[in-house]
Amino acid sequence: MNLLKISLLLFFFSNLFYAQNDCHDMITVCGNSNLSDLTAEGTGLIEDFSNISRCKIGEYNSLWLKIDVKKGGTLGFILTPENKDLDVDFDFFVFGPNVSCDNLKTPIRYSYTSPVAANLPDNTTGMNGSAIESFDGIGTRDDCKDLGYSGNGFVRWLYTNDNESYFIVISRFSGTAKFSMKWIGTALLFEPPAFKTPEPGTTFDLEKCDTDTVDDDSTVFDLTPNIKAAVDNLQDIEVTFHTTANDVITGENAIQNPGAFANTSISQQIYMRLKNTLTKCFSTTEFTIKVTKNKLQFPITSVNNCDDSSDGSSTNGKAVFYFKNITETLFPNAEKDGLVIKYYAALNDANTNSNELVNSFYNTTPNQQYIYAKAYTHKYCTTIQKISLIVHMLPPITHATLIQCDSSKNQTGLVLYNLDQANAELTNNDSRLSTQFFLSNFDAKNNQNPLEVAFHNTINPQTLFVKITNLETKCWSIGTVTLKTNPITLPEYFIDPVCDDDGLEDGIHVFDLTKANIPYNTTQNIKYYSNENNALLEQNKITDPASYQNETPYNQFVFARVEEQNSCFGISKIKLEVNQLPNIQTHTSTNVCENNTLYQVHLDAGLINNSITNFFYKWTKDGTTIPNEITSVLNVNKTGIYTVIVTNKTNCSKTRIIEVFESNTATIEDIEILDLSDENKITVNVSGKGDYEFSLNLPDGPFQESNIFNNVEPGIYEVYVNDRKNCGTVHKTTAVIGAPKYFTPNDDGYHDYWNIEGLNDNSKNAIILIYDRYGKLLKQIQPSSLGWDGTFTGNPLPADDYWYTLKLEDNREAKGHFSLKR
């Protein structure tokens, strides 16, 4: 809400305010604030002023203002039309001081100057300190035809005293425009009353619920608290409330009873006026009154209760409802602060606040009856809500008996019970009912110390109390279950042992438990469990006994429970046994030799950490049984797929598969030599069925997998190729030719001669020519000789580099150089 301090300028913001064109309807100007957006429209009741000068000047579109001077001084104004067109012509008259509407007397200031006729630069007019005339716009001609042709639109301002009053009449002679007035001079006008600034967090706005009996968004508001909120001191102040902006400006049609005002729309603007009764200055403001739709919502509209025997019957559909409990039910999570709620038997009672129900209510209509709740909070408006009171029937009181088997050695009759096994009988298989078990009726009624479902009885027989609860209505009854123990023996049944032949060899196998052939008749049923405790508690039954996989490897007992009418008739145990298979290596391979038909390979059964005498053996070749071969070994010299079936003393078997293929010695197809180089190399190319390895000059190895020998020194070599599959070794001689890089002919027995190395007997006719650096032939030698001794014609040659040419018998040549060192 904007708090407005209204001076004259605010009275003309609406074009509706046309009533100020007569003296009696004048507007009092308060404060020295400038005025803007003013309008002068229509002619007042006084149509002319006969005593003005020589001429009778008519009143056209006029606005009457009254000026009350608080502190005397000079008083003037500048009137500026919004439209600057010179055809827009404003005149004015000033009456006073201290005249009345009924006796205005002669004006003391006036201006009739026409901006067009007087050739003025603009159309402003007014009173200021520079003008010397009191009247403006009338010339010297007696016929007044020179009206408006003289002056500049301004007359001398007023010289006022304290507490004087004046009337100013603004008359728009021609043109159309609003205008503004700027007050000048030293005189001070009376100020309008001031509104207090609202307290932080508060406004003048009022909001209220529709509290009458008719839901029409209208109710009675008390506007008077805003008087105290608006002004502290009411001396000489008149406060009125209005329903329109026009009325608050004119002071008309004040609300007669502001203490009991009925709004006419759900949200309505109200205008408040503060008027100084002495100065007639006033201020206005506006605020909103609103009928809130924020009614209290009931999150729950029905309350459930259970039939009880407090009225002598627990089946008549009647019960006592306590209003405290009803309130907690209707508003379970609501903020209870400030909640006011009352209960009534009839809607009319709620509307008229008659016959309020207190403390409790006993329904007279069985099973369901309606009452009415009327509630509100400091945040929400009053709501009347129809409440359904529902009385639910109690679950039937039932009793059950559980008979359990006792297979212990002492047979004390104290065993484990699964109390849930009584549920079917206690609830008649009604899925809406649940059960809880207690040692005493007191505990059951007070829902304390409930028992675990797996219960170990302390006496035989023993009676427990059962709270049977309807899950939908939460109503309950107390029944009983009687526990009785039946002493039994625990017979043992067997299923034929199986071999661990499902591919995993983990001691786990699938069993058909029904093959234990445990006897029971047509009135009985049998269920299977993985342990005795589950059998006693009838929990975690084996869902598919015809395909049960044991949980403990190799040896396990499972249990079968035979029941008759939900009572234990007997418990038996069934032994499950999984026998291990022989521990053997199941796959291998070996070979025979194509080049040696007398070579035989030794096949065995592949036993791992076991004695051969503990098993039976059966051999086959390519799927055909080999007669009379029943030992763990077999010698063969032919290729094929051999199998041996190994069977242990539990008659469990496993098969070993042995693939026998053919191998042979290698055929050396070619030996490639790269010699007379810095990195000599031998490559041996072979063919054959074997898996071959290679060596140089070492018939017994070590051998290498690669057929390439790198960085081979010059010389004569024997190449050996061995079959890893024991079919033999072949060999071949080869040579690597090389020239020594230097020699030292100093008769020390080391490197005294230089000759080509690696030439065998097949190259004995090769020729070696030796030259000096100038190409002079120094010596011709043969590979079979000792070589050159570093002399020429018996004389030792100096240390230097020398060149050679090697000419082989196959016309190949090789050239190079070497050093003679001294």
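**Exercise 1.** In this predicted model, determine which handedness the link of C209 and C381 has, given -85° about the S-S bond, and establish where in the chain its two cysteines lie.

*Solution.* With a value of -85° about the S-S bond, the link of C209 and C381 is left-handed. C209 belongs to strand β16 (residues 206-209), whereas C381 sits in the loop between β27 (368-376) and β28 (383-392), so the disulfide ties together parts that are 172 residues apart in sequence. The sulfur atoms are 1.7 Å apart, and a disulfide requires them to be within 2.5 Å. Finally, C381 has a relative accessibility of 3% and counts as buried.

**Exercise 2.** Work out what C499 and C652 join, and decide for C499 whether the residue is buried or exposed.

*Solution.* A disulfide joins C499 to C652, with an S to S distance of 2.0 Å, and its -90° about the S-S bond makes the link left-handed. C499 is in strand β36 (residues 498-499) and C652 in the loop between β47 (640-647) and β48 (653-663), which places the two 153 residues apart. Because buried means under 20% relative accessible area, C499 counts as buried at 18%, and C652 is likewise buried at 0%.

**Exercise 3.** Describe how C593 and C727 are linked, and state which parts of the chain the pair ties together.

*Solution.* The sulfur atoms of C593 and C727 are 1.9 Å apart and form a disulfide, which is left-handed with -100° about the S-S bond. C593 lies in strand β42 (residues 587-593) and C727 in the loop between β53 (715-723) and β54 (728-736), so parts 134 residues apart in sequence are tied together. Both cysteines, C593 and C727, are buried.

Terms used: Residues numbered from 1 in each chain as written. Predicted model: local features only at pLDDT ≥ 70, side-chain atom pairs only at ≥ 80, totals over all residues. Heavy atoms only, no water. Helix = DSSP H or I, 4+ residues; strand = E, 2+ residues; numbered from the N terminus. Buried < 20%, exposed > 50% of the residue type's maximum accessible area, 1.4 Å probe, protein only.
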